[in-house]
Amino acid sequence: MNEQKNVNIKPIGDRILVAQATQEEITASGIILPASSEKEKKAQGKIVAIGTGEEIKKLNLKVGDTVVFGKYAGEEIEVDKQEYKILNVSKTKDESDILAVIE
């Protein structure tokens, strides 16, 4: 997974911002081909920003944790050519249309 630069996206409530991992392709001879945007992304990634919700505190989530999530979970966004997922960690569905603030 690529190292993340400073992220200026602040998730709201019980949401986290995750930089998704991409699958590397390894040829039969052992050559690792670099990940590209056309390849399928893994359903895991590194937390790069967190909201201030109670559920996040209960789960003890922090920036830098690697998490696994459902393949179709969350909302995908792209900022500065980096793709992210915004995931809701609350047990109840948050119907708010506002997911995060871009600073």
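A contact here means heavy atoms within 4.5 Å of each other. With that in mind, start with the whole chain in view: of the contacts with a separation of 6 or more, 62% are between residues 24 or more positions apart. Several stops on this tour follow such pairs, distant in sequence and brought together in space.

**Stop 1: the whole chain**

What you have open is a predicted model. Colour the chain by pLDDT to begin. The mean is 82, and 79% of the residues reach 70 or more. Now find the two extremes among the elements: strand S3, residues 25–26, has the lowest mean pLDDT, at 63, while strand S6, residues 66–68, has the highest, at 94. A word of care as you zoom in: where pLDDT is low, the predicted coordinates should not be read in detail.

Next, switch to a cartoon view. You should find 1 helix and 9 strands. Walking from the N terminus, the order is β-β-β-β-β-α-β-β-β-β.

Then turn on the surface. The chain exposes about 7200 Å², with carbon and sulfur atoms supplying 49% of that area. Of the 103 residues in the chain, 29% are buried.

**Stop 2: Ala-19, on strand S2**

Select residues 15–22, which form strand S2, and pick out Ala-19 within them. Is Ala-19 buried or exposed? Ala-19 counts as buried because its relative accessibility is 0%, and the cut-off for buried is under 20%. Now add Gln-82 to the selection. Ala-19 and Gln-82 are 63 residues apart in sequence, yet their C-alpha atoms are 7.9 Å apart.

**Stop 3: Gln-44, on strand S5**

Move to strand S5, residues 41–50, and select Gln-44. Gln-44 has 28% relative accessibility, so it counts as partly exposed. Which residues does Gln-44 touch, leaving aside its neighbours within four places in sequence? Show side chains for Gln-20, Ala-21, Val-67, Val-68 and Phe-69, and you have that set of contacts. For a distance to check in the viewer, take the C-alpha atoms of Gln-44 and Ala-21: the two residues are 23 positions apart in sequence and 6.0 Å apart in space.

**Stop 4: helix H1 and the loop after it**

Select residues 54–59 to bring up helix H1. Glu-54 belongs to this helix, and at 51% relative accessibility it counts as exposed, the cut-off being over 50%. Select Asp-14 as well: Glu-54 and Asp-14 lie 40 residues apart in sequence, with 6.8 Å between their C-alpha atoms.

Step on to Asn-60, in the loop between helix H1 and S6. Look at its backbone angles here. Phi of Asn-60 is near 60 degrees, a positive value in a residue other than glycine. With 58% relative accessibility, Asn-60 counts as exposed.

**Stop 5: Lys-81, between S7 and S8**

Where else can you find a positive phi in a residue other than glycine? Select Lys-81, whose phi is near 65 degrees. Lys-81 sits in the loop between strand S7, residues 75–79, and S8. Lys-81 is exposed, with a relative accessible area of 80%.

**Stop 6: Lys-91, between S8 and S9**

Carry on to the loop between S8 and strand S9, residues 100–102, and select Lys-91. Lys-91 counts as exposed, at 76% relative accessibility. Bring Glu-55 into the selection too. The C-alpha atoms of Lys-91 and Glu-55 are separated by 8.1 Å, and the two residues are 36 positions apart along the chain.

**Stop 7: the second largest pocket**

Rolling a probe the size of a water molecule over the atoms shows where empty space is left. For the last stop, go to the second largest pocket, which has a volume of about 210 Å³. To see its lining, select Arg-15, Gly-74, Glu-75, Ile-86, Leu-87, Asn-88, Ser-90, Thr-92, Lys-93, Asp-94, Ser-96 and Leu-99.

Which element gives the largest share of this lining? Strand S8, residues 82–88, does, with 3 residues. Finally, colour the lining by class: you will have 3 nonpolar, 5 polar and 4 charged residues on screen.

Key
Residues numbered from 1 in each chain as written. Heavy atoms only, no water. 1 Å grid on protein atoms, 1.4 Å probe; cavity = no way out; pocket = protein on both sides within 12 Å on 5 of 7 lines; lining within 4 Å. Points joined across faces, edges and corners; volume = space filled by probe spheres on them. Helix = DSSP H or I, 4+ residues; strand = E, 2+ residues; numbered from the N terminus. Nonpolar A, V, L, I, M, F, W, Y, C, P; charged D, E, K, R; others polar. pLDDT = per-residue confidence, 0-100. Buried < 20%, exposed > 50% of the residue type's maximum accessible area, 1.4 Å probe, protein only. Areas by Shrake-Rupley, 256 points an atom, 1.4 Å probe, with all protein chains shown as cover.
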